[in-house]
Protein chains: 2
Amino acid sequence: MDPDTVAKAFVDHYYSTFDTNRATLATLYQDTSMLTFEGQKILGSANIVAKLTTLPFQQCKHMITTVDCQPSGPSGGMLVFVSGNLQISGEQHALKFSQMFHLMPTLSSFYVLNDIFRLNYA
Amino acid sequence: MDPDTVAKAFVDHYYSTFDTNRATLATLYQDTSMLTFEGQKILGSANIVAKLTTLPFQQCKHMITTVDCQPSGPSGGMLVFVSGNLQISGEQHALKFSQMFHLMPTLSSFYVLNDIFRLNYA
């Protein structure tokens, strides 16, 4: 698969998992993974998923606008840059967001080494 | 210097250079550098600067809202994630943008290996 196809498949998988069962995102991170969520830095799969599962909303839906990807250098990683809208249950307006992932290869797939999320306030 | 300070210094330098003399951004990229600009992929310092210097506006000013950074793994790189507003000369409203940089170490500093830019349309 070419990198753009891999990136698109990852993004579809990530957000559909986020929107249906956030706790299972744990399998996509490892102990060295980092999330920066609205400026807050969180290290390791367990802490990351603890953060994501305790966000102050229960139901949400991510709608993706753009997905860009590039190889990240000699370690065989891939950078994935996403923009889109986040509709939170009970909120009238969707929130614009941008997020980047640094995917690193495993034997058969990828894990998320770096994850940075920001809402794009108006 | 701690990574956040390095990232902030890079961002200040990058956008002040962009806003005053885009051609001199060439020194921040190398032949293996990649820019994805609004979905268009461009490889190498010369091509990247050719793109940036022929954008359809002469004067602009970037106003930075957030800067996040993380170490990018074993190769000693650093990921920098920026959100902000871009005011283009002659335009009434600023454009929101997000941009990420993957900085890789050189002997004395960093160069930009990966650069992904997106406008965040309303």
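1. A good place to start is helix 2 of chain A, residues 45-53, which lies across strand 1 and strand 2 of chain A. Helix 2 of chain A runs at about 40 degrees to strand 1 of chain A. Please keep in mind while reading that this is a predicted model.

2. Now turn to the other helix. Helix 1 of chain A covers residues 3-20 and lies across strand 1, strand 3, strand 4, strand 5 (95-105) and strand 6 (110-119) of chain A. Its direction makes an angle of about 155 degrees with strand 3 of chain A.

3. In what order do the six strands of chain A form their open sheet? The order is 2-1-6-5-4-3, and the pairing is mixed. At the edges sit strand 2 (40-43) and strand 3 (60-71) of chain A, each of which pairs on one side only. From one strand to the next, the twist averages 15 degrees. As general background, strands of a sheet pair through backbone hydrogen bonds, either parallel or antiparallel.

4. Have a look at one pairing in detail. Strand 1 (residues 29-37) and strand 2 of chain A run antiparallel and are joined by four bridges. Across this pairing, Thr36(A) stands opposite Lys41(A), which belongs to strand 2 of chain A.

5. The loop between strand 1 and strand 2 of chain A holds Glu38(A). Although Glu38(A) is not a glycine, its phi is positive, at about 50 degrees. Why is that worth a second look? Most residues other than glycine have a negative phi. Glu38(A) counts as partly exposed because its relative accessibility is 27%, which falls between the limits of 20% for buried and 50% for exposed.

6. Chain B has a matching spot to check. Glu38(B) is found in the loop between strand 1 (29-37) and strand 2 (40-43) of chain B. Phi of Glu38(B) is also a positive value, near 50 degrees, in a residue other than glycine. With a relative accessible area of 26%, Glu38(B) is partly exposed.

7. How is chain B related to chain A? A turn of 180 degrees and a shift of 0.0 Å along the axis lay chain B on chain A with an RMSD of 0.0 Å. That is the relation of a two-fold axis. The same surface serves both copies, since 100% of the contact residues of chain B recur in chain A.

8. Next come the aromatic rings. Over all chains there are 19 aromatic pairs. One of them joins Phe81(A) and Phe81(B), whose ring centres are 5.8 Å apart and whose planes stand at 45 degrees, so the pair is tilted. This pair crosses between chains, from strand 4 (residues 78-88) of chain A to strand 4 (residues 78-88) of chain B. Are these two residues buried or exposed? Phe81(A) is buried, with a relative accessible area of 0%, and Phe81(B) is buried too, again with a value of 0%.

9. Chain A also has an aromatic cluster that is worth finding in the viewer. It is formed by Phe10(A), Tyr14(A), Tyr15(A), Phe18(A), Phe37(A), Phe97(A), Phe101(A) and Phe117(A).

10. Finally, a word on annotation. An unreviewed UniProt entry places the feature "domain: NTF2" at residues 6-119 of chain A. Over residues 6-119 of chain A, the chain is 21% helix and 50% strand. The end C-alpha atoms of this stretch are 25 Å apart.

Key
Residues are numbered from 1 along each chain as its sequence is written. Chains are lettered from A and ligands numbered from 1 in the order in which they are written. This is a predicted model: local features need pLDDT of at least 70, side-chain atom pairs count only at pLDDT 80 or more; totals for chains, interfaces and linings use all residues. Side-chain values use heavy atoms; hydrogens and water are left out. Rings of Phe, Tyr and Trp (its six-membered ring) pair if their centres lie within 6.5 Å; planes under 30 degrees apart count as stacked, over 60 as edge-to-face and the rest as tilted. Helices (H or I, at least four residues) and strands (E, at least two) are DSSP runs, numbered from the N terminus. Buried means under 20% relative accessible area, exposed over 50%, partly exposed in between (1.4 Å probe, protein chains only). Copies are superposed by least squares on the C-alpha atoms of residues with pLDDT of at least 70 in both. Contact means heavy atoms within 4.5 Å. Two strands pair if DSSP finds at least two bridges between them. Axes are lines fitted to C-alpha atoms, for helices over the stretch in contact, and angles run from 0 to 180 degrees between N-to-C directions. UniProt positions are given in the numbering used here, feature names are shortened, and annotations may be inferred rather than shown by experiment.
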